[in-house]
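Subject: Structure for you to look at

Hello,

Here is the structure I promised to pass on. Please open it beside this email and follow the notes below.

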Amino acid sequence: EIAPCRALPLMSASGQPALENAALDLDALRERSRRLLLSALDAVAAAGGGGGIRLVLDQRLSGPLGLVARPLDFRAHGVDKIYHLESGPPPQGAGPLVYFVRAEFESAQVIAAQLSCAEGSSARATLHFVPRRSLPCEKLLEEAGVYSRLAVRECHLHLLPLDKDLLSLERPCFRALYHDGDMSVLHSVASSILELEDLYGPVASLRGKGSCAQQVSRMLKQMRQPRQEAGRPAERASGPRAGGRQIGSLLLLDRVCDMVTPLLTELTYEGLLHSVFNIRPGGTRASDLLEPSSSLLGPSPQARRDRCRAGAARSAARHAGEARAQQLGRAVRAAAQPQLRRHGTAAAEAVSRRAGGAGGAARGAHGEPAARLHAQAAAARGDAKVPLAARLARRAAAAPHGRTSLPRAHRRRAGGPRQRRRDCRRRGGARRRHRPR
């Protein structure tokens, strides 16, 4: 079962950075990108029938577009609901359907699958590729049989101001260029530099290092030629900083020339957040910061409760083991007590028989006193001169609650804490007496 698209809330809050104290007038760059985006929406709203615009955004574009326009700007220009591009049927509604996606095969495949199963007003849509259209993606849509239902356009959004001193294309350029072999990234870089020249004047000095930097420089020269031949005036930013040359020099550096810098650890709180939680355009999600598995923030309340339960379970198991050990000891003592009694009785009877059969002859011939025979019989019964192990077992069986104790003589022989302290004082006193002064 395929789940339908979920609408995203149009919040009034904005995550746009403050650009007042920037070295360049970056507000002009952001305003130009905002005009391009909103004019594309106005064109769709003017051509469409009734109803609000159903705007479907690539998930990787929702953050960058939020840096350009506020959520209330989308509502003011006819956007009813905003959706993320996901596999499944297209969002239902009566208004025009508009897609803003990157020029990638995955996005084109999802759009082709949605339009194939769409009916009515959802069968036709407007597709905006950001920043430029792609012939392979258009070929894929044509082979899927949905290209005739689409109005394919471009939205030239290149550099986005992330901070007062940072501009970004917000594209995975390194992987696309060196792994996928997509050279269109270099065209986007050259187009973004040309956009900066339109706003702030031509760059006086352009330098670069690396093969990709050389290709960008050649593309930039080719793009400048038609404008120079046509005599097109450069668009200048308004304000006191617009006059004169704003960018003195520009340095293009290939990433392969310095592969060590991205591996270093940044010594700022923002760099630490980015390395752990992956800061997206303009910020990061609160759910990522409150992840229970995060080791930087300590264990979560649920983890603490689980740890307490595990400790209580271990304590209960330990007490249960001790109780089972005591119960087993009592059972062993109870089973061994009859055997000890039988052994003592049999030994006493044997001594009595021996004493009774040869008692007179022994007393007459050897003069053995009768007290010794009584002592042997008593020892056989377990009254005296019984081995220490047998006496301890008998005392353990007879003692309440399984308590055992050594005889007083053995306690003195084993030496308790008091006896050891006495011996230490006695030895120390002897040493002190013999120590020369």
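Pro 131 sits in the loop between strand E5 and helix H5. The model is a predicted one, and in it the peptide bond that joins Val 130 to Pro 131 is cis, with omega at about 0 degrees. A second backbone feature is found at Glu 170, where phi is near 55 degrees, a positive value in a residue other than glycine. Glu 170 belongs to the loop between strand E8 (166-168) and H6. Both features are worth noting because most residues other than glycine have a negative phi, and most peptide bonds are trans.

Back to E5. In which sense do strands E5 and E6 pair? E5 (residues 125-130) and E6 (residues 150-154) pair in the parallel sense, over 5 bridges. To get from E5 to E6 the chain passes through helix H5 (residues 135-144), and this β-α-β crossover is right-handed. Within the strand pair, Leu 127 stands opposite Val 152 in E6.

Next, the helices H1 and H2. Helix H1 (residues 26-47) packs against H2 at an angle of about 115 degrees, and the two axes are 8 Å apart. On the H1 side the contact is made by Arg 30, Ser 33, Arg 34 and Leu 37, which meet Leu 65, Leu 67 and Val 68 of H2. By class, the residues of this contact are 4 nonpolar, 1 polar and 2 charged.

Now the empty space. How many cavities of 30 Å³ or more does the structure hold? There is 1, and the largest cavity has about 50 Å³ of space. Among the residues that line this cavity are Val 130 and Leu 65, which appeared above in the cis bond and in the helix contact. Helix H2 (residues 59-68) gives the largest share of the lining, 3 residues. The cavity lining has 7 nonpolar, 1 polar and 1 charged residues.

The second largest pocket holds about 600 Å³. Its lining has 23 residues, and those nearest the centre are Ala 103, Glu 104, Arg 171, Asp 182 and Ser 184. Two or more lining residues come from each of helix H4 (105-116), H5, helix H6 (173-179) and helix H7 (184-200). H5 is also the helix of the crossover described earlier. Sorted by class, the lining of this pocket has 11 nonpolar, 2 polar and 10 charged residues.

Regards

Technical notes: Residues numbered from 1 in each chain as written. Predicted model: local features only at pLDDT ≥ 70, side-chain atom pairs only at ≥ 80, totals over all residues. Heavy atoms only, no water. Pairing = 2+ DSSP bridges. Helix = DSSP H or I, 4+ residues; strand = E, 2+ residues; numbered from the N terminus. Right-handed = clockwise from strand over helix to strand, strands pointing away. 1 Å grid on protein atoms, 1.4 Å probe; cavity = no way out; pocket = protein on both sides within 12 Å on 5 of 7 lines; lining within 4 Å. Points joined across faces, edges and corners; volume = space filled by probe spheres on them. Nonpolar A, V, L, I, M, F, W, Y, C, P; charged D, E, K, R; others polar. Axes fitted to C-alpha atoms, helices over the stretch in contact; angles between N-to-C directions. Contact = heavy atoms within 4.5 Å.
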